[in-house]
Amino acid sequence: MRRRLLIQVLAVAALPLFAVPVFSAGEGGGGGSGGQTTQCKKGMVWDKKLKKCVAPKQGMLDDDNIYEAGRALAMAGRYDEAIAVLSLAADKKDPRILNYLGYSHRHSGRVAVGLGYYEEALRIDPDYTLVREYLGEAHLQIGDLAGAREQLREIEKRTGKGSREYGMLAEQIDRFMKS
């Protein structure tokens with residue numbers, strides 16, 4: 001009964017998300033679709049299996065759907081909603097879920113909590129370079145330039161200097177050093 005209620009709350013909470021365009025950053029080493037989130041009319045949600053917009057119904061939100069909705073909420077700056085959605089995932093060890101929990105907590109001002117989620121995601125998937133980019137940004141938030149540079153080196157080892165994650169973190173480090 002509680003799970004059914006949570007799924008219904010999640011479906012209703014996610015509805016406004018699908019009524020407006022949402023653009024998100026691409027996913028790095030951990031996988032993901034990146035690009036534009038599929039849009040549906042208000043009151044409808046995207047069903048990945050059917051590949052069309054449908055009315056939400058109980059049981060349709062698996063961890064992939066929870067991740068997509070949570071990530072889109074986080075990228076839209078709706079961090080507390082993202083945390084609420086992502087916290088419903090059945091797989092509490094999914095590095096994608098942990099990454100956006102970290103991202104949302106960090107952007108809500110709870111940097112230490114965010115760091116914990118990032119570290120857990122990296123224990124599971126050390127090659128997830130998007131987590132490393134965000135972890136480096138978190139280190140900069142607390143004034144830890146050495147920690148940010150360490151993550152930049154780790155990204156370079158895994159993907160080289162040409163990757164999106166390397167470029168984004170290098171740019172943030174450069175800005176930090178100039179400020």
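1. Which strand holds D47? D47 sits in β3, the strand spanning residues 45–47. This is a predicted model. D47 has a relative accessibility of 11%. Buried means under 20%, so D47 counts as buried. Its C-alpha atom lies 8.8 Å from that of L61. Those two residues are 14 residues apart along the chain.

2. Overall layout. The protein chain has 8 helices and 4 strands. From the N terminus, the order of elements is α-β-β-β-β-α-α-α-α-α-α-α. The chain has 179 residues, and 44% of them are buried. Now take the contacts with a separation of 6 or more: residues 24 or more positions apart account for 52% of these.

3. The loop after β3. K51 lies in the loop between β3 and β4, the latter being residues 52–54. Its phi is near 60°. That is a positive value in a residue other than glycine. K51 has a relative accessible area of 61%. The cut-off for exposed is over 50%, so K51 is exposed. A reader checking backbone geometry may want to look at K51, given its positive phi.

4. Helices α2 and α3. Two packed helices are described by the angle between their axes and the distance between the axes. For α2 (residues 63–75) and α3 (residues 79–86), the angle is about 170° and the axes are 8 Å apart. That makes the pair roughly antiparallel. The crossing of α2 past α3 is left-handed. On the α2 side, the contact uses I66, Y67, A69, G70, R71, L73 and A74. On the α3 side, it uses Y79, E81, A82, V85 and L86. By class, this contact has 9 nonpolar, 1 polar and 2 charged residues.

5. The loop between α3 and α4. K92 is found here. Its relative accessible area is 48%, so K92 is partly exposed. Beyond its neighbours within four places in sequence, K92 is in contact with S87 and L98. K92 and D63 are 29 residues apart in sequence. Their C-alpha atoms are 9.7 Å apart in space. D63 falls within α2, which covers residues 63–75.

6. The annotated repeat. UniProt lists "repeat: TPR" for residues 95–128, in an unreviewed entry. In the model, this stretch is 79% helix and 0% strand. Its end C-alpha atoms are 8 Å apart. Helix α4 covers residues 95–107, and helix α5 covers residues 111–124.

7. Helices α4 and α5. Their axes come within 7 Å and cross at roughly 165°. Angles over 145 degrees count as roughly antiparallel, and α4 and α5 therefore fall in that class. The crossing of α4 past α5 is left-handed. From α4, the contact draws on P95, L98, N99, L101, G102, Y103, H105 and R106. From α5, it draws on V111, V113, G114, Y117, Y118, E120, A121 and I124. By class there are 10 nonpolar, 4 polar and 2 charged residues.

8. Is H105 buried or exposed? H105 belongs to α4. Its relative accessibility is 10%, so H105 counts as buried. Leaving aside neighbours within four places in sequence, H105 is in contact with I83, R110, V111, V113, G114 and Y117. Among them, V111, V113, G114 and Y117 also appear on the α5 side of the contact with α4.

9. Helices α5 and α6. Helix α6 runs over residues 129–141. The axes of α5 and α6 come within 10 Å and cross at roughly 150°. The two are therefore roughly antiparallel to each other. Again the crossing is left-handed, with α5 passing α6. V111, L115, Y118, E119, A121 and L122 contribute from α5. V131, R132, Y134, L135, A138, H139 and Q141 contribute from α6. These residues divide into 9 nonpolar, 2 polar and 2 charged.

Terms used. Residues are numbered from 1 along each chain as its sequence is written. This is a predicted model: local features need pLDDT of at least 70, side-chain atom pairs count only at pLDDT 80 or more; totals for chains, interfaces and linings use all residues. Side-chain values use heavy atoms; hydrogens and water are left out. Axes are lines fitted to C-alpha atoms, for helices over the stretch in contact, and angles run from 0 to 180 degrees between N-to-C directions. Angles under 35 degrees count as roughly parallel, over 145 as roughly antiparallel, 65 to 115 as roughly perpendicular and the rest as oblique. A crossing is left-handed if the near helix is turned anticlockwise from the far one by less than a right angle, and right-handed if clockwise. Contact means heavy atoms within 4.5 Å. Ala, Val, Leu, Ile, Met, Phe, Trp, Tyr, Cys and Pro count as nonpolar, Asp, Glu, Lys and Arg as charged, and the others, Gly among them, as polar. UniProt positions are given in the numbering used here, feature names are shortened, and annotations may be inferred rather than shown by experiment. Buried means under 20% relative accessible area, exposed over 50%, partly exposed in between (1.4 Å probe, protein chains only).
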